[in-house]
Amino acid sequence: HPWERTDDLLQAMKEAGFTWLRTRYTSSAHDALVLYGSNGIQLQLIAGDPMDSVRPADHVQSVIDGGLVPYVLGFEGANEWNLKEREAWVQELLLHQSELYRAVKGDPTTRHSAVIGPALGMVKDYDLWGFRAELMTCGNTHIYSGGNTPELKSEKSVMGPRLNCGELPVIVTETGWHTASKWTGSHHPTPASVARVYSP
């Protein structure tokens with residue numbers, strides 16, 4: 001957890017060669033974010049979700065007021081909002097991403113920061129979300145192979161967001177292989193000996 005044992009985690013990230021941290025932004029985590037940022041770990045901050053009372057512009061202003069801008073790699077849209085089973089999720093996500101883009105690009109302090117599009121869950125709904133390249137500087141995707149080899153879903157996971165961001169770069173913000181060997185759900189487990197090879 002990024003807000004606990006921060007010194008140990010920072011040391012582990014530096015030893016592993018990590019250069020950035022993706023997390024939901026919260027003002028209560030300010031000191032931890034400053035610690036990471038001032039030690040060379042750039043920050044990618046998820047700006048809440050469409051139903052939050054704190055709007056994207058508030059998130060951006062809080063980052064500015066907290067002096068975090070020098071450490072920020074980018075601001076990211078809502079995470080996997082298409083899986084919330086909300087009838088109007090497209091309209092909600094569009095409003096949220098529009099507010100985020102305007103807030104970041106409309107302030108001289110943050111206008112050079114990246115605006116990462118929202119990642120859609122379960123490698124689906126790209127066509128429903130539609131072409132929104134004007135609201136991001138980078139597309140976003142998650143690649144979970146579900147116990148399979150990395151390449152099984154990787155092409156689909158990267159090409160899907162192209163429907164949303166066109167020729168903009170696409171960043172993979174989540175991936176991995178879980179090792180819960182007794183799990184019987186659809187996201188199949190991977191033996192730890194295999195996951196430790198795939199993950200790096």
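How many bridges pair strand 1 with strand 2 (residues 42-46), and in which sense do the two strands pair? In this predicted model, strand 1 and strand 2 are joined over five bridges, in the parallel sense.

## The sheet

One of the residues of strand 1 (20-24) that can be followed into its neighbour is tryptophan 20, whose bridge partner in strand 2 is glutamine 42. The sheet as a whole is open and is formed by four strands in the order 1-2-3-4, with parallel pairing. Strand 1 and strand 4 (114-116) stand at its edges; each has a single partner strand, so one side of each is left without a neighbour in the sheet. From one strand to the next, the twist averages 25°.

Helix 4 packs on this sheet, where it touches strand 3 and strand 4. The direction of helix 4 makes about 175° with that of strand 4. Angles over 145 degrees count as roughly antiparallel, and the two directions therefore fall in that class.

## Helix 3 and helix 4

Two packed helices are described by the angle between their axes and the distance between the axes. For helix 3 (residues 56-65) and helix 4, the axes come within 8 Å and cross at roughly 30°. Angles under 35 degrees count as roughly parallel, and helix 3 and helix 4 are therefore roughly parallel to each other. Their crossing is right-handed.

On the side of helix 3, the contact involves Pro56, Ala57 and Val60. These residues meet His96, Glu99, Leu100, Ala103 and Val104 in helix 4. By class, the residues of this contact divide into six nonpolar, one polar and one charged.

## Helix 1 and helix 2

Helix 1 (residues 6-16) and helix 2 (residues 30-38) also form a packed pair, with an angle of about 30° and axes 11 Å apart. Helix 1 and helix 2 are therefore roughly parallel to each other, and their crossing is right-handed.

Helix 1 contributes Thr6, Asp7, Leu9, Leu10 and Met13 to the contact, while helix 2 contributes Ala32, Leu35 and Tyr36. The contact of helix 1 with helix 2 has six nonpolar residues, one polar and one charged.

## The loop between strand 3 and helix 4

Which residues in the loop before helix 4 have a positive phi without being glycine? Glutamate 80 is one of them, with a phi of about 50°, and glutamate 85 is another, with a phi near 55°. Most residues other than glycine have a negative phi.

Glutamate 80 is found in the loop between strand 3 (72-76) and helix 4 (89-105), and glutamate 85 lies in the loop between strand 3 and helix 4 as well. Is glutamate 85 buried or exposed? Its relative accessibility is 80%, and glutamate 85 therefore counts as exposed.

## Valine 158 in helix 6

Valine 158 has its place in helix 6 (residues 151-159). At 25% relative accessibility, valine 158 counts as partly exposed, because that class lies between the limits of under 20% for buried and over 50% for exposed.

Which residues does valine 158 touch, if those up to four places away in sequence are not counted? They are Thr141, Ile143 and Val170. Threonine 141 is 17 residues from valine 158 along the chain, and the C-alpha atoms of the two are separated by 6.5 Å.

How values were computed. Residues are numbered from 1 along each chain as its sequence is written. This is a predicted model: local features need pLDDT of at least 70, side-chain atom pairs count only at pLDDT 80 or more; totals for chains, interfaces and linings use all residues. Side-chain values use heavy atoms; hydrogens and water are left out. Buried means under 20% relative accessible area, exposed over 50%, partly exposed in between (1.4 Å probe, protein chains only). Two strands pair if DSSP finds at least two bridges between them. Axes are lines fitted to C-alpha atoms, for helices over the stretch in contact, and angles run from 0 to 180 degrees between N-to-C directions. Contact means heavy atoms within 4.5 Å. Angles under 35 degrees count as roughly parallel, over 145 as roughly antiparallel, 65 to 115 as roughly perpendicular and the rest as oblique. A crossing is left-handed if the near helix is turned anticlockwise from the far one by less than a right angle, and right-handed if clockwise. Ala, Val, Leu, Ile, Met, Phe, Trp, Tyr, Cys and Pro count as nonpolar, Asp, Glu, Lys and Arg as charged, and the others, Gly among them, as polar.
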